[in-house]
Amino acid sequence: SANESALEKEKNMYKQREKDWLRIEQELNDNITSNKREISDLEQRSERNKASAAKKLEDVNRTVQEMHQQIDHISGQNRDHLFEITALKLDVKNKTDCMNRLKSDHANEIRHLKKLHAATMEDLTEKHDDEVKSIQIQLKNDHQRICEERDDAIKEKNRSFECANETEK
């Protein structure tokens, strides 16, 4: 009876360990899902930034086009406005330079986000695979040990019953 109680306690302890391992595995899966969602959010933000940069580029191009038209109109009307025309050309050049910087910054940001995404996914995949393998090995070892302990306990019980039977005879 004391052996049965100890064996039952041992079984309950191993069941609890197995529950703990399953809970840890679920937490890992939840973390991976959360990280994938975060990566998706980053990708969506990148797409929105790309769309915003494209809109800004379109606005700048339209502005550049309008300024060129203004420059042509002013030049045709009056050569005395040459200074003003030069100033407008400089403004157009500055906006074009700014647009080119925006394009370059955007391209760099996209490259950085892609590298970050790839590195994060690789790191998450490696960590998950390692953790799953570790948990599987631990569960297998625990299961094997529990089975061996159970078999030993059964053999011990059988021996004690055999001894009791021989004593009665």
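**Exercise 1. Does Ser 46 count as buried or exposed, and at what relative accessibility?**

Before starting, a quick word on the ground rules: this is a predicted model, where local features need pLDDT of at least 70, side-chain atom pairs count only at pLDDT 80 or more, and totals for chains, interfaces and linings use all residues. Residues are numbered from 1 along each chain as its sequence is written, and side-chain values use heavy atoms, with hydrogens and water left out.

Step 1: get the cut-offs. Buried means under 20% relative accessible area, exposed means over 50%, and partly exposed is in between (1.4 Å probe, protein chains only).

Step 2: apply them. Ser 46 has 11% relative accessibility, so it counts as buried.

Step 3: look at the surroundings. Ser 46 lies in helix 1; helices are DSSP runs of H or I with at least four residues, strands are E runs of at least two, and both are numbered from the N terminus. Setting aside residues up to four places away in sequence, Ser 46 touches His 106, Ile 110 and Leu 113, where contact means heavy atoms within 4.5 Å.

**Exercise 2. Sort Asp 142, Lys 140 and Ala 164 by exposure.**

Step 1: place them. Asp 142 sits in helix 2, Lys 140 lies in helix 2, and Ala 164 is in helix 2 too.

Step 2: classify. Asp 142 is buried because its relative accessibility is 6%. Lys 140, at 59%, counts as exposed. Ala 164 has a relative accessible area of 36%, so it is partly exposed.

Step 3: add partners and distances. Leaving aside neighbours within four places in sequence, Asp 142 is in contact with Arg 17 and Trp 21. For Lys 140, take Ala 2: they are 138 residues apart along the chain, and their C-alpha atoms are separated by 28 Å. Ala 164 and Arg 101 are 63 residues apart in sequence, yet 92 Å apart in space, C-alpha to C-alpha.

**Exercise 3. Work out which residues form the largest nonpolar core and which helices supply them.**

Step 1: define it. A nonpolar core is a set of buried Ala, Val, Leu, Ile, Met, Phe, Trp, Tyr and Cys residues joined through side-chain atoms within 4.5 Å.

Step 2: list it. The largest one has five residues: Val 60, Val 64, Met 67, Val 92 and Met 99.

Step 3: assign the helices. Helix 1 (2-77) and helix 2 (82-168) each supply at least two residues of this core, and the largest share, three residues, comes from helix 1.

Step 4: check one member. Not counting residues up to four places away in sequence, Met 99 touches Leu 57, Val 60 and Asn 61.

**Exercise 4. Describe the overall fold and dimensions of the protein.**

Step 1: count elements. The protein has two helices and zero strands.

Step 2: size it up. Along the principal axes, the C-alpha atoms fill a box of roughly 135 × 20 × 15 Å. The radius of gyration (over C-alpha atoms) is 37 Å, whereas a compact globule of 169 residues would come in near 15 Å, by the rule of 2.2 Å times the number of residues to the power 0.38.

Step 3: check burial and contacts. Buried residues make up 12% of the 169 residues. Among contacts between residues at least 6 apart in sequence, 81% join residues at least 24 apart.
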